[in-house]
Amino acid sequence: MPTATRPGSASALDPGRLLTWYDEAARDLPWRAPGASPWGVLVSEVMLQQTPVARVLPAWAAWLERWPTPADCASASPADVVRAWGRLGYPRRALRLRECAVACTDRHGGDVPSGPADLAALPGVGAYTAAAVAAFAFGRRVAVVDTNVKRVAMRAGAGVDDSRPVSAADRRAVASLLPAADAPRWSVAVMELGALVCTARRPGCERCPLREDCRWLAAGMPPWAGPSSPPQGYAGTDRQVRGRLLAALREADDPVPAADLALLWDRAEQRERALASLVADGLAVGDPATGYRLPE
């Protein structure tokens, strides 16, 4: 992030006002409950990636009921976790969660590790997820920066509506704003503010606890003038084809013949490419002669 656009005002993200607002407005989510396990927090963070809370809630509850500990999940087959993932999207996350469970069981005595470095070493866990679990499950004072946090920090602290993906510079900038006390609660409060009030479209500035010191509001809410990534569609993409093929495999007890899969998408080249990618990702096994199924 260029120096000129870094969040430069700690008062703009005042902990007192943020935490007072959070106490009154926060959603009652089970992975935030005092009794939530570190495993439950990790599962929630993986499921919530690019997936709305409303869709995650029932899937999270079912997953934790079936596999309440990493050891329970580690004993499941890849097919079990892919079926349990259902239609949350990006099903590779189900396999990564199982791999995380295996790593927790083999390397950490069945527990989710508490340190950001150990968390980041788990399969498929990136910088954001490692920081989120360290902060929200173990109370570590680390910067938790997703798109919601970045949006609030950039608008309130820097006066710009930077829509670019989160960078290492963004994480350093937010880390410089962490309060000395209650840093995990402050982080989740900023995140919640971005999800409920300081939204990407139609922000509710009149309801924002930071409106008095928000540089973006004071500047007249100028739109972002820099580079941005175009939104990704879904219809007609390889992702849609993968979803259809995987749904058929998930619902079948026996290998699905290639001829049956061909009926699900009429563009042969795209269908074969999507099927090959499922096999490469470990989400399907088989060949045209024997049919395809979920991995066991």
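Contact here means heavy atoms within 4.5 Å. The model is predicted, and the account below starts with one helix, H11, before turning to H13 and then to a single loop residue.

Helix H11 covers residues 183-196. At 1.5 Å a residue, its 14 residues should span 20 Å, and the end C-alpha atoms are indeed 20 Å apart, so the expected and computed lengths agree. A residue counts as buried when its relative accessible area is under 20%. By that cut-off 11 of the 14 residues of H11 are buried, so the helix is largely enclosed by the rest of the structure. Among the buried residues are Trp186, Val190, Met191, Glu192 and Leu193. What do the buried residues of H11 pack against? Their partners are helix H1 (15-25), helix H8 (127-138), helix H9 (147-158) and helix H10 (168-175).

Helix H13 spans residues 238-251. Two of its residues can be looked at in turn. Gln240 lies in H13 and counts as buried because its relative accessibility is 15%, under the 20% limit. Leaving aside residues up to four places away in sequence, Gln240 touches Tyr234, Ala235 and Trp265. Arg250 is also placed in H13. With a relative accessible area of 13%, Arg250 is buried. With the same kind of sequence neighbours left out, up to four places away, Arg250 touches Val82, Arg83, Gly86, Arg87 and Leu294. Arg250 and Ala79 are 171 residues apart along the chain, yet their C-alpha atoms are separated by 7.9 Å.

H13 also meets another helix. Two packed helices are described by the angle between their axes and the distance between the axes. The axes of H13 and helix H15 (residues 268-280) come within 9 Å and cross at roughly 70°. Angles of 65 to 115 degrees count as roughly perpendicular, so H13 is roughly perpendicular to H15. The crossing is right-handed. On the H13 side the contact is made by Asp238, Val241, Arg242, Leu245 and Leu246. H15 contributes Gln270, Arg271, Arg273, Ala274, Leu275, Ser277 and Leu278. Sorted by class, this contact has 6 nonpolar, 2 polar and 4 charged residues. An α-helix has 3.6 residues a turn, so residues three or four places apart point the same way.

The last stop is Gly115, in the loop between helix H6 (92-107) and helix H7 (116-120). Is Gly115 buried or exposed? Gly115 counts as buried, because its relative accessibility is 13%. The C-alpha atoms of Gly115 and Arg155 are separated by 30 Å, with their positions 40 residues apart along the chain.

Conventions: Residues are numbered from 1 along each chain as its sequence is written. This is a predicted model: local features need pLDDT of at least 70, side-chain atom pairs count only at pLDDT 80 or more; totals for chains, interfaces and linings use all residues. Side-chain values use heavy atoms; hydrogens and water are left out. Helices (H or I, at least four residues) and strands (E, at least two) are DSSP runs, numbered from the N terminus. Buried means under 20% relative accessible area, exposed over 50%, partly exposed in between (1.4 Å probe, protein chains only). The expected span of a helix is 1.5 Å times one less than its number of residues. Axes are lines fitted to C-alpha atoms, for helices over the stretch in contact, and angles run from 0 to 180 degrees between N-to-C directions. Angles under 35 degrees count as roughly parallel, over 145 as roughly antiparallel, 65 to 115 as roughly perpendicular and the rest as oblique. A crossing is left-handed if the near helix is turned anticlockwise from the far one by less than a right angle, and right-handed if clockwise. Ala, Val, Leu, Ile, Met, Phe, Trp, Tyr, Cys and Pro count as nonpolar, Asp, Glu, Lys and Arg as charged, and the others, Gly among them, as polar.
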